[in-house]
Structures are given as structure tokens and as C-alpha cells.
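Here are my notes on the model you sent, as numbered points. They deal with pockets and with one sheet.

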Amino acid sequence: MLYKGKYWQCDVIDGIAELKIDAEKGANVFNVASVTELGEAIDAIEKTDGIKGLVQLSGKDHYIFGADITEFIGAFDKTDEQMIEWLGHNNSNQNRIEDLPYPTCTAINGFALGGGLESCLATDFRIAFKKAKLGVPETKLGLIPGWGGTVRLSRLCGADNAIEWVAGGKQYSVQQAFGIGLVDGVVDSLDELTAAARKTVERAITGELDWKARREQKKNPLKLNKMEAGLVLKGSKGFVAAQAGPNYPAPVNGVMAIA
């Protein structure tokens, strides 16, 4: 075992690291403890030679429900600098996974919501069980996706789809996610999921799948000229603002973050 904590474990099998979240108690969520452990697990992965790829997965009947909202009250008492540091730790984790020097894939077995979906977006590919549910519901809590979700979702799936997902805060089926390019493959059985994710990584290792191009797609600016940006982003901002009303700024802020 390369790493073992109360939330995250990692082992290397035939050259592919399997990074698993499986909380000892309760559901899989991002809290201070799990974020800290994830950073430690990435440390171990980065220091290990011979790894050719990585699969991210869950040991429970869901992937990750998102951030632990029970920690929010204490977090909102922090200064702006402390808040940035608090959010920045997991943002750094996701960036480090995205920057690993080999292909990566997430196996989505169930609910992947909020920060859970943002975790999936950090990898190059996503394979999902047909009954999984995905979404970024942060705006329903008066927040916006803070761990790279607005940028990665819009680059992978287009600004219009990202605006719908972020501003609406709804849950979507795997079939809907596949339709906009968020999910790369769907399996009918949970028994197939990890093997399918590993196969995706293996195909990328051999060059059959261009994982570097997929990664660059997430890091580049939106492919919109000034006129298109005005129509899509400014138009959407106005529409969302009208729908949300003056006392509900989160959806509009989410649209603004997509650019």
C-alpha cells in the first residue's frame, strides 16, 4: 500500500496508481481532514517512480457528495486571507492531480456532486456507472464551485452547458453528462467500472487516446471571440440575473466565473 489514511488510500497495481476515497466513518466528503490526507496521498504518488497512470475511485456506493457543509459556519468567520488558504488547499490538490505526468481517469460509481464533480474534472477522463448522478449544486447554497469547476466544466463541455449546470445547480444523469462530453464512457455494471477506467488509462498510455490534448483543452481560454463571448456570457448573465432576482447573487457570480 502506497498510502493509507482514514479517508484516502492508494496502491499501485501493474504500474497504475489507484487512488481511492473510502471514509472510515460516514459519507465521502471534502473536509479539512480528507483534504489534508489527499495532499499527503498525492505527495506519495509524486515521489513514486514507475507509475504510468492513475485511476481515481471510491470504495462506497457514491463517489463524493462534495464539501462538508458542517464546516462552513466556522469557515465563514475567517478573514479573506484565511478563506483563500482554506479553499486553496484542495484547489492545489486538484491542480496537482491534473498536472501528473501521465494519464488519469476517474471511475464515477454514484453521486459526484459539487467538489466531488470538480474532483472528477481534474482527471483527463471520466468513466461512469449508468445510474450515477452528477452536478454542481453550490449556487443553491449561495456559493459557486470553488475548486476549478467553472473553468474545467466550460472548457470541456462549452460555455452554454457550463452556465446551465452552474447557474441551475441541478443534478444530471450520466446520459446527459455523456451528451455534453463531460463523461467519456458509461458502463452498465458496477463490476465493470474500475476495469473500464483502467482500460481507458491503458489506452492513453499506449497513445490510442490523446490525454495531453484533453488536458490542454481544460487549461486553454474559452474558444469564443468577442462577439460570441458577449452573446453567450453577457446574455446569460442578464437572463440568469432576471431569473434569480436581486437577493440571490450566486448564480450570476457563477456565470461570471466561467469566463
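1. In this predicted model, the lining of the largest pocket breaks down by class into 18 nonpolar, eight polar and six charged residues. The volume of the largest pocket is about 660 Å³.

2. Of the 32 residues lining the largest pocket, those closest to its centre are Ala67, Phe72, Glu138, Leu143 and Trp147. Two or more lining residues come from each of the elements α1 (32–46), α2 (72–76), α3 (80–98) and α4 (115–121). Which element gives the most to this lining? It is α3, with six residues.

3. The second largest pocket has a volume of about 160 Å³. It is lined by 12 residues, and Ser154, Arg155, Gly158, Leu222 and Lys223 are the closest to its centre. The elements giving two or more residues to the lining of the second largest pocket are α5 (149–157) and α6 (159–168). By class, this lining has five nonpolar, four polar and three charged residues.

4. Apart from the pockets, please look at the sheet with the strand order β6-β8-β9. This sheet is open, has three strands and shows mixed pairing. Its edge strands, β6 (112–113) and β9 (171–173), each pair on one side only.

5. In what sense do β6 and β8 pair? The pairing of β6 with β8 (residues 133–135) is parallel and runs over two bridges. To check one contact by eye, take Leu113, whose bridge partner in β8 is Gly135.

Key: Residues numbered from 1 in each chain as written. Predicted model: local features only at pLDDT ≥ 70, side-chain atom pairs only at ≥ 80, totals over all residues. Heavy atoms only, no water. Pairing = 2+ DSSP bridges. Helix = DSSP H or I, 4+ residues; strand = E, 2+ residues; numbered from the N terminus. 1 Å grid on protein atoms, 1.4 Å probe; cavity = no way out; pocket = protein on both sides within 12 Å on 5 of 7 lines; lining within 4 Å. Points joined across faces, edges and corners; volume = space filled by probe spheres on them. Nonpolar A, V, L, I, M, F, W, Y, C, P; charged D, E, K, R; others polar.
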